[in-house]
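Work through the exercises below with the structure open. Try each task before reading its solution.

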Amino acid sequence: MSVLEKSIYDHPRIRKLVFALSATVISLSFYIVYSFELNIPQWDDFSLSLILLWLKGNTDGPFAFISTLFSQFFEHKLVVYRLVAFLDYHLFGQLDFKHLAYIGNSVNIILMLLLCKIIKNDRCGYLPLVPVILLFLVSFQWTEQAWRNGAGATYVLCFSGLAFYFAVLENELRSPYLILAFVFSTLAVFSTANGLLVSPVIVAYFLCRGHRSRAILWALVSFAQWGFYFLYDYEKVPYKP
């Protein structure tokens with residue numbers, strides 16, 4: 001890369017343009033949600049409402065609370081989504097479904113920051129991030145932005161990305177990044193059932209890279225996650241996995 005090319009991409013005006021485009025896309029996305037979202041339950045939100053009512057009136061102790069939090073919903077265990085809704089309920093005194101839509105879309109910002117750190121390069125800086133932000137935040141289907149229970153999909157994307165990032169980033173088995181990778185991979189598992197694939201993919205990555213010790217470690221993590229998921233209060237749904 002020539003000095004001229006580098007100076008063009010490093011020019012303050014280019015950086016300001018990228019920032020302005022990104023801010024516009026993010027603002028547009030949240031404006032759409034703010035303007036058209038309604039504070040009424042839809043589809044699976046009714047199930048969430050019933051669970052929150054039970055959690056609010058729970059007098060059976062913490063074990064019953066945790067058991068309900070981890071209860072099965074089809075093939076999923078939506079622990080993260082239920083916990084977010086429960087905390088929002090206690091903060092504001094009521095279950096506001098618009099809040100859940102805002103939070104679900106806000107998680108994408110964390111994923112954007114992660115991608116911003118990953119894809120930045122010396123030649124074009126953050127410029128490739130603009131279309132990525134557009135694809136992530138301005139959905140072609142309204143239900144992707146407004147479906148509160150569908151926020152589990154954004155949670156699992158965010159936690160999966162963070163798990164991959166910290167798993168690859170760490171250089172030693174005792175690195176604090178490894179602990180973060182374990183935590184985020186587990187959060188992905190309990191966002192939606194799709195998160196069960198995070199640890200096996202990391203195992204495959206390390207096997208391809210020739211890091212057998214890390215692959216074995218992540219295989220053990222994967223067995224633990226799958227074992228707890230399916231052995232703790234799980235019933236097979238006839239038309240689901």
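**Exercise 1. Helix α10**

Compare the expected span of helix α10, residues 176–189, with its end-to-end C-alpha distance.

Solution. The model is predicted. Start with the count: α10 has 14 residues. The expected span is 1.5 Å times one less than the number of residues. For α10 that comes to 20 Å. Now take the end C-alpha atoms of α10: they are 20 Å apart, so the two values agree.

Next, list the buried residues of α10. They are L178, A181, F182, F184, S185, A188 and V189. Keep the helix repeat in mind: with 3.6 residues a turn, residues three or four places apart point the same way.

**Exercise 2. S160**

Is S160 buried or exposed, and what does its side chain reach?

Solution. First, place the residue: S160 sits in helix α9, which covers residues 151–169. Second, check accessibility. The cut-off for buried is under 20% relative accessible area. S160 has 12%, so it counts as buried. Third, follow the side chain. It reaches the backbone oxygen of V156 at 2.5 Å. Fourth, set aside neighbours within four places in sequence: S160 is then in contact with A188 and V198. A188 is itself one of the buried residues of α10. V198 belongs to helix α11, residues 198–209.

**Exercise 3. H99**

Which residues does H99 touch, not counting those up to four places away in sequence?

Solution. Locate H99 in helix α6, residues 97–119. Its relative accessibility is 18%, so H99 counts as buried. The contacts of H99 are D88 and F92. Look at D88 again: a polar contact of 3.1 Å joins its side chain to that of H99. Finally, take a C-alpha distance. H99 and A85 are 14 residues apart in sequence, and their C-alpha atoms lie 8.7 Å apart.

**Exercise 4. α2 and α7**

How far apart in space, C-alpha to C-alpha, are L21 and P131?

Solution. Assign the helices. L21 is in α2, residues 12–36. P131 is in α7, residues 129–137. The sequence separation of L21 and P131 is 110 residues, yet their C-alpha atoms are 9.5 Å apart. Test a second pair: P131 and V25 are 106 residues apart along the chain, with 9.4 Å between C-alpha atoms. Then classify the exposure. L21 has a relative accessible area of 38%, so it is partly exposed. P131, at 44%, is partly exposed as well.

**Exercise 5. A nonpolar patch**

Which residues form the nonpolar patch on the surface?

Solution. The members are F164, L197, V201, W226 and F230. Together they have about 420 Å² of accessible area. Take V201 as one of them. V201 lies in helix α11, residues 198–209. With a relative accessible area of 43%, V201 is partly exposed.

**Exercise 6. The whole chain**

How many helices and strands does the protein chain have?

Solution. Count the elements: 12 helices and zero strands. Read from the N terminus, the order is α-α-α-α-α-α-α-α-α-α-α-α. Turn to burial: 43% of the 241 residues are buried. Then take contacts with a separation of 6 or more. Residues 24 or more positions apart account for 71% of them. Last, the surface. The chain exposes about 14000 Å², with 69% of that supplied by carbon and sulfur atoms.

Methods. Residues are numbered from 1 along each chain as its sequence is written. This is a predicted model: local features need pLDDT of at least 70, side-chain atom pairs count only at pLDDT 80 or more; totals for chains, interfaces and linings use all residues. Side-chain values use heavy atoms; hydrogens and water are left out. Helices (H or I, at least four residues) and strands (E, at least two) are DSSP runs, numbered from the N terminus. Buried means under 20% relative accessible area, exposed over 50%, partly exposed in between (1.4 Å probe, protein chains only). A polar contact is a pair of N or O atoms within 3.5 Å; within protein, one must be able to donate a hydrogen and the other to accept it, and residues adjacent in sequence count only if both atoms are side-chain atoms. Contact means heavy atoms within 4.5 Å. Patches are made of residues with over 30% relative accessible area and no salt bridge: like charges are joined within 9 Å, nonpolar side chains (Val, Leu, Ile, Met, Phe, Trp, Tyr) within 5 Å. Accessible areas come from the Shrake-Rupley method with a 1.4 Å probe; for residues, only the protein chains shown count as cover. A salt bridge is a side-chain nitrogen of Lys or Arg within 4 Å of a carboxyl oxygen of Asp or Glu.
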